[in-house]
Amino acid sequence: MNFLRGVMGGPSAGPQPSGADTIQKLCDRVASSTLLDDRRDAVRALKSLSKKYRLEVGIQAMEHLIRVLQTDRSDSEIIGYALDTLYNVISNDLEEEEQDDSEEENSAKQVDDLGSQFTEIFIKQQENVTLLLTLVEEFDFHVRWPGVKLLTSLLKQQGPQVQQIILVSPMGVSRLMDLLADSREVIRNDGVLLLQQLTKSNAAIQKIVAFENAFERLLDIITEEGNSDGGIVVEDCLILLQNLLKNNNSNQNFFKEGSYIQRMKPWFEVGDDNCGWSAQKVTNLHLMLQLVRVLVSPTNPPGATSSCQKAMFHCGLLQQLCTILMATGVPADILTETINTVSEVIRGCQTNQDYFASVNAPSSPPRPAIVVLLMSMVNERQPFVLRCAVLYCFQCFLYKNQKGQGEIVSTLLPSTIDGNSVSAGQLLCGGLFSTDSLSNWCAAVALAHALQENATLKEQLLRVQLATSIGNPPVSLLQQCTNILSQGSKVQTRVGLLMLLCTWLSNCSIAVTHFLHNPANVPFLTGQIAENLGEEEQLVQGLCALLLGISIYYNDNSLENYRKEKLKQLIEKRIGRENFIEKLGFISKHELYSRAAQKPQPSFSSPDHMMFDHEFTKLVKELEGVISKAIYKSSEEDKKEEEVKKTLEQHDNIVTHYKKVIREQDQELEELKQRINTLTSQNEQLQATVTQQVSQIQQHKDQYNLLKVQLGKDTQHHNSHGDTLQMNGIQTEEVSKLREELEEWKNKHELLQGQLKEKDSVIEKLNSSQLEMGATEQSLQTSRFAGLEHSNELQKELEMLRSQIQLQSAEISKLQMENQKLQMMNTAADPLLGDSGATAATGSELEGRLEQEIKELKNQVKSLSEEKEALKQQLDSSTSTVAILQEKNTKLQRELAESKKEQDDLLVLLADQDQTISAQKMKLKDFGVAVEDEDDTESGDQGDEDEDGDEEEQDENAVCYHEN
């Protein structure tokens with residue numbers, strides 16, 4: 001009884017037992033009592049003591065409490081007390097709350113160690129965690145809620161170990177996901193906290209939770225709670241979403257593919273009155289913006305980031321963020337985070353960058369959002385974090401955006417300057433030459449990003465002229481930068497200008513030439529590098545060495561006094577190569593350089609640490625080794641390198657040309673493929689149409705055949721029906737009519753047979769005439785062939801005569817030539833010769849004889865040609881006769897065919913008449929009239945007599961039939 005009085009608070013007669021003794025007695029009671037009520041009371045007493053005597057209860061009672069969880073699961077009350085007691089022992093939250101009121105408390109570190117030690121004892125047996133997961137499945141509030149709190153505390157103390165146990169437990173994660181669907185908000189909210197601890201830094205559990213439909217449930221909870229206007233539950237859900245998505249590409253892709261990005265748009269709907277935002281709303285909106293940034297972070301794979309950026313533009317999320325950006329009354333930290341979020345949503349995405357360039361601020365007159373943001377960046381009264389965010393936004397707008405770079409640089413060129421409005425270029429120049437070193441640095445870095453990887457704009461920027469003061473001639477922007485650099489301004493300003501110059505001159509030989517054209521630039525750089533200055537100036541020395549190295553590496557030797565070899569000699573004499581390389585290495589060894597190289601966003605703890613830009617660190621990493629090699633190269637190696645460069649350029653040009661040709665061929669190939677696909681589809685459509693039409697035709701044929709068969713059946717049925725009616729009401733008059741019709745058909749049959757005999761005689765005549773014509777035609781053809789042979793012989797004889805005439809004419813011409821020679825000899829001969837008269841006489845006789853022979857030959861040729869003409873006429877007459885005979889023959893054949901056709905028609909008519917006569921006879925037989933068949937083999941006269949006899953017999957039969 002004294003024990004119960006001590007526990008229940010009643011008066012005691014003896015000395016009070018200590019807490020450890022009381023706890024020991026309660027543990028013995030839990031272990032030994034057989035009654036459930038006693039054990040329940042003991043566990044409830046341990047629960048009440050566990051807050052004050054945490055260490056004692058944890059050491060003595062933990063084993064007994066775990067046994068209660070295993071054996072007394074049927075009683076939810078004792079299970080709830082046991083879970084609450086274990087939670088009080090393991091959790092550090094209660095201890096921290098009572099730390100100010102207790103004098104016996106240790107330090108916070110000891111408290112954390114105590115909870116971690118008890119957790120380690122509990123999870124040493126993995127079955128304990130599995131048992132706890134089973135209890136969390138219970139629907140009873142008094143079991144489920146303390147189970148969730150205990151498991152959350154275990155995860156806080158020993159997260160990785162508990163995560164591994166849950167991961168290997170069957171359906172462990174799935175059991176915990178059911179907590180989000182609990183209708184009791186307390187359990188649901190604590191379930192969210194449990195999943196927060198469960199998903200920390202464990203990609204496997206994050207994937208399981210995501211595929212258990214966590215995104216859908218969490219977004220539903222956020223919507224039910226009022227989005228950004230909700231309470232701390234919305235904050236917990238957003239933290240859990242960040243755990244699931246951050247650095248988890250699989251879950252990010254699942255989130256995008258599930259169209260959950262579209263459900264984020266209502267989060268950022270803000271009204272016109274943005275005054276009086278609650279602290280919870282600011283926190284919620286801040287977490288929402290961070291969640292958007294998780295999806296489009298530059299550290300994600302480029303493909304995943306790009307797809308999320310496009311989805312945010314198409315669903316209107318980017319437009320909603322730009323509305324917050326230009327709204328009034330938005331808290332400064334929300335505005336800063338919104339600028340950072342918009343920056344990463346548009347970074348490297350041309351569509352989003354073009355949209356952002358078109359956004360205007362709600363002012364009169366409207367100004368582009370870029371101009372408004374740059375005004376904040378170069379304004380020294382704006383918060384430092386906001387100015388860094390604007391710089392990051394401008395950098396992201398220009399990242400891989402040559403169009404945007406061109407628009408910014410064009411505002412600096414003389415032909416596009418508008419004096420009535422403030423442009424981005426004017427703001428950058430104003431910030432570049434202001435008295436605020438932070439504005440100088442930001443403007444220099446922003447302008448360097450406008451020139452990043454764009455040689456054309458680097459050359460165009462050389463045209464920019466600045467009016468420094470009234471009455472003085474304008475100077476170029478490049479010259480003004482070097483002038484400010486030589487004036488010895490603040491370190492931050494000089495670092496910014498040197499980064500701008502290094503970016504400007506890299507990979508641009510024309511800019512290097514302009515820089516070296518000023519005779520003061522190289523001595524200034526060599527003087528800065530050669531001096532021994534403090535640690536602050538070492539960074540400037542390193543950047544000067546980098547700028548001088550760029551001037552050597554990208555030098556095209558167009559200036560005689562500043563050729564590569566002369567600049568190397570200058571470095572060797574005034575600085576020393578080793579000293580130059582050492583000063584160049586100061587950049588990459590600087591602590592601020594390492595910080596800037598980690599991520600693109602400029603994040604600095606103070607303005608003094610704002611020294612390096614992320615993109616510039618890439619340039620230094622690229623050029624440091626190249627410049628070091630260039631300094632040690634000889635002139636011959638430089639020449640070889642230039643030749644190699646020219647060869648590579650030529651090769652690149654050839655490759656570019658072939659790439660262009662291949663691209664054009666690919667386009668043509670694609671067009672041809674499209675045409676082939678189009679024609680194939682058309683062909684398939686036509687084939688389908690043809691098949692369909694063929695099937696339709698077949699269907700029509702089948703229907704026609706069915707109708708034809710059905711019509712035949714109907715006709716037969718009608719005839720049979722009519723015959724039946726006639727048989728039922730037959731009269732003698734009908735029989736006589738049928739007999740008369742039969743006589744008429746017989747007469748017609750006889751007439752047709754007579755006509756058929758006449759046609760047969762005509763056909764025989766035609767056949768005989770055809771035979772005669774064939775013989776005549778054959779004789780004509782033989783005569784024609786004979787005439788042709790005779791004409792061929794005549795032609796051969798004519799050819800022979802012609803050849804003889806040609807030979808004789810040749811002999812005549814030969815004799816004429818000899819005659820002429822003789823005449824010439826006769827004329828040239830001596831007149832004293834006595835035989836000249838005889839020679840002349842023989843010559844005249846020879847000529848006469850020749851002329852006579854020629855005349856005879858001509859007569860022969862004439863007679864032969866006349867004979868030839870006669871033969872030709874004879875041949876023409878014979879061919880005309882043959883043609884006439886052929887015409888007659890075809891005419892006779894046509895008549896023969898017509899007569900055959902008429903004969904066939906007559907035969908068809910006779911067959912029809914026979915069928916009709918036989919049908920009539922059948923009808924008469926059906927009526928009982930005796931009808932005899934004709935004998936076709938008998939002669940005509942006998943046939944007539946038989947017909948008369950038949951008619952008489954039919955009359956007698958008919959009379960007999962009527963009498964009957």
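This briefing walks through salt bridges and a surface patch in the structure above. The model is predicted, so keep that in mind as you read. Side chains of opposite charge can pair when their charged atoms come close. A search of the whole structure turns up 27 salt bridges, and a few of them are introduced here.

**A bridge between two helices**

- Asp 84 and Lys 47 join their side chains in a salt bridge, with a distance of 3.4 Å from N to O.
- This pair links distant parts of the chain, since Asp 84 sits in helix H5 (residues 76-90) and Lys 47 in helix H3 (residues 36-50), 37 residues apart.
- Asp 84 counts as buried because its relative accessibility is 16%, under the 20% cut-off.
- Lys 47 has a relative accessible area of 28%, so Lys 47 is partly exposed.

**A bridge between two loops**

- The side chains of Arg 73 and Glu 138 also meet in a salt bridge, at 3.7 Å from N to O.
- Arg 73 is found in the loop between helix H4 (54-71) and H5, while Glu 138 is in the loop between helix H8 (126-136) and helix H9 (141-157), so the pair ties together parts that are 65 residues apart in sequence.
- Arg 73 is partly exposed, at 38% relative accessible area.
- Glu 138 is partly exposed too, with 35% relative accessibility.

**A bridge between a helix and a loop**

- Lys 281 forms a salt bridge with Asp 229, and their closest N and O atoms are 3.4 Å apart.
- Lys 281 belongs to helix H17 (residues 279-295) and Asp 229 to the loop between helix H14 (214-225) and helix H15 (232-245), so this pair ties together parts that are 52 residues apart in sequence.
- Lys 281 counts as buried, at 17% relative accessibility.
- Asp 229 is exposed, with a relative accessible area of 56%.

**A network of charges**

- Salt bridges can also be followed from residue to residue here: Asp 37, Arg 40, Asp 41, Arg 44, Asp 75 and Glu 77 are linked in a network of them.

**A nonpolar patch on the surface**

- Now for some residues of another kind: Ile 654, Tyr 658 and Ile 662 form a nonpolar patch on the surface.
- Together, Ile 654, Tyr 658 and Ile 662 have about 320 Å² of accessible area.
- To find Ile 654, look in helix H38 (residues 635-728).
- Ile 654 is partly exposed because its relative accessible area is 46%, and partly exposed residues fall between the 20% and 50% cut-offs.

Technical notes:
Residues numbered from 1 in each chain as written. Predicted model: local features only at pLDDT ≥ 70, side-chain atom pairs only at ≥ 80, totals over all residues. Heavy atoms only, no water. Patch = residues over 30% accessible without salt bridge, like charges linked within 9 Å, V, L, I, M, F, W, Y side chains within 5 Å. Areas by Shrake-Rupley, 256 points an atom, 1.4 Å probe, with all protein chains shown as cover. Salt bridge = Lys/Arg side-chain N within 4 Å of Asp/Glu carboxyl O. Helix = DSSP H or I, 4+ residues; strand = E, 2+ residues; numbered from the N terminus. Buried < 20%, exposed > 50% of the residue type's maximum accessible area, 1.4 Å probe, protein only.
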